[in-house]
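This report covers pockets, cavities, strands and two loop residues. The structure comes next.

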Amino acid sequence: MVDAKQVIPFKRFVEFQGDKIRLYSTEFNEQLLIQTNGKSIQKVAIEQGLYKGNGTPFYALYGYIHLKKSSYLMFVTKANLIGQILQRKILQVEEISYLPLYPGGVMNNIANEDLEYVAMLKSIINTKTLYFSHEYDLSNSISQMLANASSFSNQFFTSESLIYNKIPNKRFTYNYPLVSFLEDIGSQSALQYWQSVFISGTVMIKYCRLSSFADCNFILISRRENLRSGKRFVQRGCDDDGNCTNFAETEQIIILDRKDVFLVNSFVQTRGSMPFRWKQTPSLKWSPKADILGDKSYNGDLCKKHFQQQMKIYPQQILINLIDKKGTQKKLGDYYTQLISYIQNPKIKYIWFDFHHECRNMKYENLSKLLNQITEELKKGGYFVAEIPKNNVNVIQKVIQTQSGVCRTNCMDCLDRTNVVQGVVARNILLNILFENKIIAQLSGEAFQPLPSDLENIFRDLWTRNADVMSFLYSGTGALKTDFTRTGKRTFQGSLQDGKNSVMRYVINNFYDGDNQNSVDLILGKIDLTKQQIKKPKFQGLHKFVFLFILLTFLFASYAPQYIISEETSGITYFIVQTFVLLIGGFISFRALQTFNKQFIQKPVVEQ
């Protein structure tokens, strides 16, 4: 990773001209002329001419947002170059600047009334999980780009002469709600140039030497949907259109370097909450009770909607349900199983694999049982393979095969168990690719058959980092069980880290995720600050809870002992009894405060 300004010169500029904002380029002669009334955008026009002024440089236009006092254009002014895919540069957002729309507005001159809302936007941007490219459509998998002529076509050239015509996938274009205002400008070429596509998730690119006769680029891309993006206990299940919480695609790409061609292999998996209406409202309990909303007919239709949408892209669906077959999880799992039977779709293969039971006592090798259950479907679904000539990476020389099926994995959060299983499935496909290309001699059928040494290290590292990013964006902490993903075995240190992350999740998900959800909804354009108000309490729920917990425990410990301990009680006995009373007082105080949990847990503004 390198600061983009060290290797990529600025080519886009913005400046105020009276009541108009002009976006220029040094390489593209269609300028954007944005007319404002000081509060909102009135019109976007096209004018001809290259940049010759004194504007402020930027890498990409993120979008347009209206806050409490003013409206702002959001520009990426700092970025990191993380690598290239087929000679196309991929960038990570480092900093976004805000240009107010009132005449004479100065970059980052934020109205006082809007400072807290800009801070909310920055809380999302500062996660460093937004990626973009002017040369590669990150919102689509490689196979989907070919299917919709989104790239490798002959309709548009960048300054580097790389051909690029994008048809963004609106579901995975994270900034789409804020940048869609450009779609009526009347020029397809201007839209192609100025409407940048951002994804939320991760993009990781690594070079690897496989052997004396083969090397490759190994790439992992996770793209999160913007339709129901949210926080752990705040959002569960799906909405009335069948859009599921925490839905994401993860694409594993390995580009093998051959004599005259690049052999591109791509395999996509998906994850997402169980596709029916259910909730798990924060209640200060370690694992809140789950409730199913609506009847079976209603939820069956939602489930059907979800899979009809997914099957437009991947006709064959392998559903892997990893939740427990006991307790509240069993209730949800039984219901999900009934819904799959209800919709009766022969193109859906459904497996309920109780991860915690099957892999109890650290027996992760039992994941081979799961692989054996989906082997035939994985073969039928396949993976994408194409040849691209080295002397012209803008041309697909030959499509050898396509991916027609997808593994859709879920657990309760679609995080920890899901991360492990997706890594196992991805390893299986990668081994098949290496075997087909004679890089490895045989397939053992084991869930954790080793890859060539250097690739093994890269694979573990990238899948571990992917797990942490996806977990952080939904739960607020890194993933659990990543010691296994990174090393191939559970460790004592890994168990301690899991314990720490679990406690942090409890605090974040109960006391902070109402505010965190507001930040997500704000950057997705779901909160209208002219009609909705984000009220921040003077004291955070956690602060109130801790204060009352200490107070109640102190009062109990102060007065209870006089009814238990006599004046003749010895020092040691007195200390033991006092400690016991303190612990009992803490327990009673905690349970009492749990009863009034709504006083400490803040709800988000937008109904979830």
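## The second largest pocket

In this predicted model, the second largest pocket holds about 470 Å³ of space. Its lining counts 23 residues. R232, W286, Q329, D413 and R417 are the closest to its centre. Three elements give two or more residues each to this lining: α6 (327-343), α9 (416-436) and α12.

By class, the lining of the second largest pocket splits into seven nonpolar, seven polar and nine charged residues.

## The largest pocket

The largest pocket has a volume of about 750 Å³. It is lined by 33 residues. Nearest its centre lie V234, K279, T281, P282 and K603. The classes here are 12 nonpolar, 10 polar and 11 charged.

Which elements each supply at least two residues of this lining? They are β15 (278-279), α12 (492-511) and α13 (513-523). The largest share comes from α12, with three residues. Helix α12 also gives two or more residues to the lining of the second largest pocket.

## The largest cavity

A search of the whole structure turns up two cavities of 30 Å³ or more. The largest cavity encloses about 100 Å³ of space. Its lining is made of N419, V420, G423, V424, R427, F448, F459, R460, F484, T485 and G488. The elements giving two or more residues to this lining are α9, α10 (453-475) and α11 (482-487).

Helix α9 gives the most to the lining of the largest cavity, with five residues. The same helix, α9, is among the elements that give two or more residues to the lining of the second largest pocket. By class, the lining of the largest cavity has five nonpolar, four polar and two charged residues.

## The second largest cavity

The second largest cavity has a volume of about 40 Å³. F267, I318, E377, L378, G381, G382, Q403, G405, V406 and C407 line it. Two or more of these residues come from α8 (367-381), and two or more from β21 (405-410).

How do the residues of this lining divide by class, and what is the count for each? Five are nonpolar, four polar and one charged.

## The five-stranded sheet

Five strands form an open sheet. Their order is β5-β4-β3-β2-β6, and the pairing is antiparallel. The edges are β5 (41-48) and β6 (56-58). Each has a single partner strand, so one side of each is left without a neighbour in the sheet. From one strand to the next, the twist averages 25 degrees.

At the β6 edge, the partner is strand β2 (residues 12-17). Three bridges join β2 to β6, and the two run antiparallel. Within this pair, F13 stands opposite P57 in β6. Strands of a sheet pair through backbone hydrogen bonds.

## The β7-β8 hairpin

Strand β7 (residues 60-66) is mostly covered, with six of its seven residues buried. It runs antiparallel to strand β8 (residues 71-85), and six bridges join the two. One pairing sets G63 against M74, its bridge partner in β8. A hairpin of four residues links β7 to β8.

The loop between β7 and β8 holds S70. Is S70 buried or exposed? Its relative accessible area is 6%, so S70 counts as buried, the cut-off being under 20%. Leaving aside neighbours within four places in sequence, S70 is in contact with I65, Y102, A111 and D114.

## T173, a second loop residue

T173 sits in the loop between α2 (142-147) and α3 (176-179). With a relative accessible area of 2%, T173 is buried. Which residues does T173 touch, not counting those up to four places away in sequence? They are S139, P168, V197, F198 and N226.

T173 and L480 are 307 residues apart in sequence. In space they are 28 Å apart, C-alpha to C-alpha.

How values were computed
Residues numbered from 1 in each chain as written. Predicted model: local features only at pLDDT ≥ 70, side-chain atom pairs only at ≥ 80, totals over all residues. Heavy atoms only, no water. Buried < 20%, exposed > 50% of the residue type's maximum accessible area, 1.4 Å probe, protein only. Pairing = 2+ DSSP bridges. Contact = heavy atoms within 4.5 Å. 1 Å grid on protein atoms, 1.4 Å probe; cavity = no way out; pocket = protein on both sides within 12 Å on 5 of 7 lines; lining within 4 Å. Points joined across faces, edges and corners; volume = space filled by probe spheres on them. Nonpolar A, V, L, I, M, F, W, Y, C, P; charged D, E, K, R; others polar. Axes fitted to C-alpha atoms, helices over the stretch in contact; angles between N-to-C directions.
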